[in-house]
Amino acid sequence: MQHQSSPLVSATDNRFLRGGPIAEGILAEVREAVAKATEDGFPPRLVSITVGEVAAVDVYVRNQRRKAESCGIAFDERRLPADTTQRELEAAIQGMNADPRVTGIIIQRPLPREINVKAMQAAIHPLKDVEGMHPASIGNIVYNQLDLAPCTAAASVEMLKSTGLNLKGLEAVVVGHSEIVGKPIAFLLMSEGATVTVCHHMTRSVAAHARRADALFVAVGKPRFIKADMVKPGAAVIDIGINSEIGPDGQERVVGDVDSDSVKDVASWITPVPGGVGPVTVSILMRNTMVALKRQQELYTSAFATKVG
Ligand SMILES: NC(=O)C1=CN([C@@H]2O[C@H](COP(=O)(O)OP(=O)(O)OC[C@H]3O[C@@H](n4cnc5c(N)ncnc54)[C@H](OP(=O)(O)O)[C@@H]3O)[C@@H](O)[C@H]2O)C=CC1
Ligand SMILES: Nc1nc(=O)c2c([nH]1)NC[C@@H]1CN(c3ccc(C(=O)N[C@@H](CCC(=O)O)C(=O)O)cc3)C=[N+]21
């Protein structure tokens with residue numbers, strides 16, 4: 001399917017950090033890894049679990065399937081009914097943990113309120129945690145082991161790196177501190193040597209912090225939350241928000257958290273939505289799948305290797 005690109009993105013305007021080429025670069029490496037693993041008898045397989053009907057997740061899952069299949073990764077979609085209990089979901093996860101054909105498990109958020117998402121994330125075997133959300137995976141990030149990080153956070157930092165800015169000592173401000181986006185971004189940036197400030201809904205003046213940022217990461221979930229007067233001239237602005245709204249033409253459209261019409265005149269770099277962090281997030285998931293597979297392969301080989309003669 002052809003995605004409509006943001007009207008703001010123009011081929012000649014290099015302030016816009018387009019995600020497509022970065023995503024493609026990552027996928028090219030993944031394709032090679034998939035071919036090699038398949039040849040070695042370890043074909044990768046992802047399982048996506050969705051509970052109930054969640055429109056916001058559909059785009060994400062569709063893009064996951066498309067990218068997985070384009071790399072040769074098998075993709076199974078399990079759609080469980082909205083009234084699935086936590087016990088039932090846990091049992092399904094245990095089954096996948098035990099199934100050697102399953103490389104990685106993705107629990108699509110949001111889950112119904114009755115289900116404890118943290119408990120479910122922890123129920124996934126750490127070796128099958130391709131989203132980097134298991135407490136053990138998060139712990140690895142804190143210990144500066146960065147090869148398998150939460151996808152959106154890793155994608156956001158990848159976008160910043162594509163500017164060529166030196167991250168050491170860079171003033172970075174992250175707005176939003178959710179477990180899947182804001183917090184892991186802060187850890188990754190610290191590991192890269194940036195000086196990091198994290199803002200959330202109790203922060204007294206988000207604007208005062210944001211204006212000091214050389215790199216501003218925004219993951220709040222509110223359209224046009226960041227306006228031009230909150231951005232330092234010359235900054236890199238990484239817009240992680242994915243919000244659906246009705247445009248002036250009465251059509252539904254996807255917008256980020258940054259008022260890009262005004263911010264583009266102040267910032268040196270800005271990521272468009274759509275076409276920015278989103279496609280890179282999905283590619284990182286594929287890369288994580290191959291990191292997980294490699295770990296499983298190593299474990300299997302060391303556990304069962306028999307030397308004859
Ligand atoms: N591109 C991608 O791959 C992905 C994009 N997203 C998008 O990113 C956005 C954020 O997602 P997610 O982190 O899951 O959302 P959450 O709703 O979990 O988190 C939003 C964060 O924003 C903070 N916040 C809310 N209002 C304010 C405010 N007025 N000032 C400062 N901080 C505020 C909240 O703080 P507090 O907790 O203190 O209330 C919270 O930490 C959404 O638009 C989502 O769709 C999400 C996942 C992946
Ligand atoms: N466990 C979990 N992890 C997530 O990371 C997670 C989640 N659940 N639930 C839903 C949100 C949302 N999200 C998206 C990621 C990429 C695109 C994406 O690829 N967007 C493209 C296409 C947009 C379009 O086609 O309209 C773009 O921005 O250009 C969209 C949405 C991940 N999330």
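The questions and answers below go through a predicted model with its confidence, domains, sheets, unusual backbone spots and ligand shells. Residues are numbered from 1 along each chain as its sequence is written, while chains are lettered from A and ligands numbered from 1 in the order in which they are written. In this predicted model, local features need pLDDT of at least 70 and side-chain atom pairs count only at pLDDT 80 or more, but totals for chains, interfaces and linings use all residues.

Colleague: What is the mean pLDDT of the chain?
Modeller: pLDDT is the predictor's confidence in each residue, from 0 to 100. In this chain, 94% of the residues reach 70 or more. The mean pLDDT of the chain is 94.

Colleague: Over which residues is the pLDDT below 50?
Modeller: Where pLDDT is low, the predicted coordinates should not be read in detail. Beyond near neighbours in sequence, the stretch in question has 14 contacts in the model (C-beta atoms, placed from the backbone, within 7 Å). The pLDDT is below 50 over residues 1-9.

Colleague: What ipTM does the predictor give the complex?
Modeller: Two scores are given for the complex, and its pTM is 0.94. The ipTM is 0.97.

Colleague: How far apart do the C-alpha centres of domain 1 and domain 2 lie?
Modeller: The domain assignment gives domain 1 as 41-127 and domain 2 as 148-277; such bounds come from an automatic or database assignment. The distance between their C-alpha centres is 27 Å.

Colleague: Which are the edge strands of the open sheet of 3 strands?
Modeller: Strands (E, at least two residues) and helices (H or I, at least four) are DSSP runs, numbered from the N terminus. Two strands pair if DSSP finds at least two bridges between them, and here the order is S2-S1-S3 with parallel pairing. An edge strand of this sheet pairs on one side only, and these are strand S2 (74-80) and strand S3 (104-107).

Colleague: Which residue in S3 is the bridge partner of Val47?
Modeller: Strand S1 (residues 45-51) and S3 are parallel and share 4 bridges. The partner of Val47 in S3 is Ile105.

Colleague: What angle does the direction of helix H3 make with that of S1?
Modeller: Helix H3 (residues 86-98) packs on the sheet and touches S1, S2 and S3. Axes are lines fitted to C-alpha atoms, for helices over the stretch in contact, and angles run from 0 to 180 degrees between N-to-C directions. For H3 and S1 the angle is about 180°.

Colleague: Which strands stand at the edges of the open sheet of 5 strands?
Modeller: The strand order is S5-S4-S6-S7-S10, again with parallel pairing. An edge strand here has a single partner strand, so one side of it is left without a neighbour in the sheet; the two are strand S5 (195-199) and S10.

Colleague: Which residue in S9 is the bridge partner of Glu245?
Modeller: Strand S8 (residues 243-246) and strand S9 (residues 252-255) are antiparallel, joined over 4 bridges. Their hairpin has 5 residues between the strands, and Gly250 takes a positive phi near 80° there. The partner of Glu245 in S9 is Arg253.

Colleague: Which residue does a cis peptide bond join to Val273?
Modeller: Most residues other than glycine have a negative phi, and most peptide bonds are trans. One cis bond joins Arg109 and Pro110, with omega about 0°. In the other bond asked about, omega is about -5°, and the residue joined to Val273 is Pro274.

Colleague: What is the phi of Asn144?
Modeller: Asn144 is in the loop between helix H5 (135-142) and H6. It is not a glycine, yet its phi is positive, at about 65°.

Colleague: How many charged residues are in the shell around ligand 1?
Modeller: A residue is near a molecule if its C-beta atom, placed from the backbone, lies within 6 Å of it; Gly176, Ser178, His200, Gly221 and Thr281 come nearest to ligand 1. Ala, Val, Leu, Ile, Met, Phe, Trp, Tyr, Cys and Pro count as nonpolar, Asp, Glu, Lys and Arg as charged, and the others, Gly among them, as polar. This shell has 11 nonpolar and 13 polar residues, and the number of charged residues is none.

Colleague: Which helix gives the largest share of the shell around ligand 2?
Modeller: Of the 23 residues around ligand 2, those that come nearest are Tyr60, Asn63, Arg109, Pro274 and Gly278. The shell draws at least three residues from each of domain 1 and domain 2. Its largest share, 5 residues, comes from H2.

Notes. Contact = placed C-beta atoms within 7 Å.
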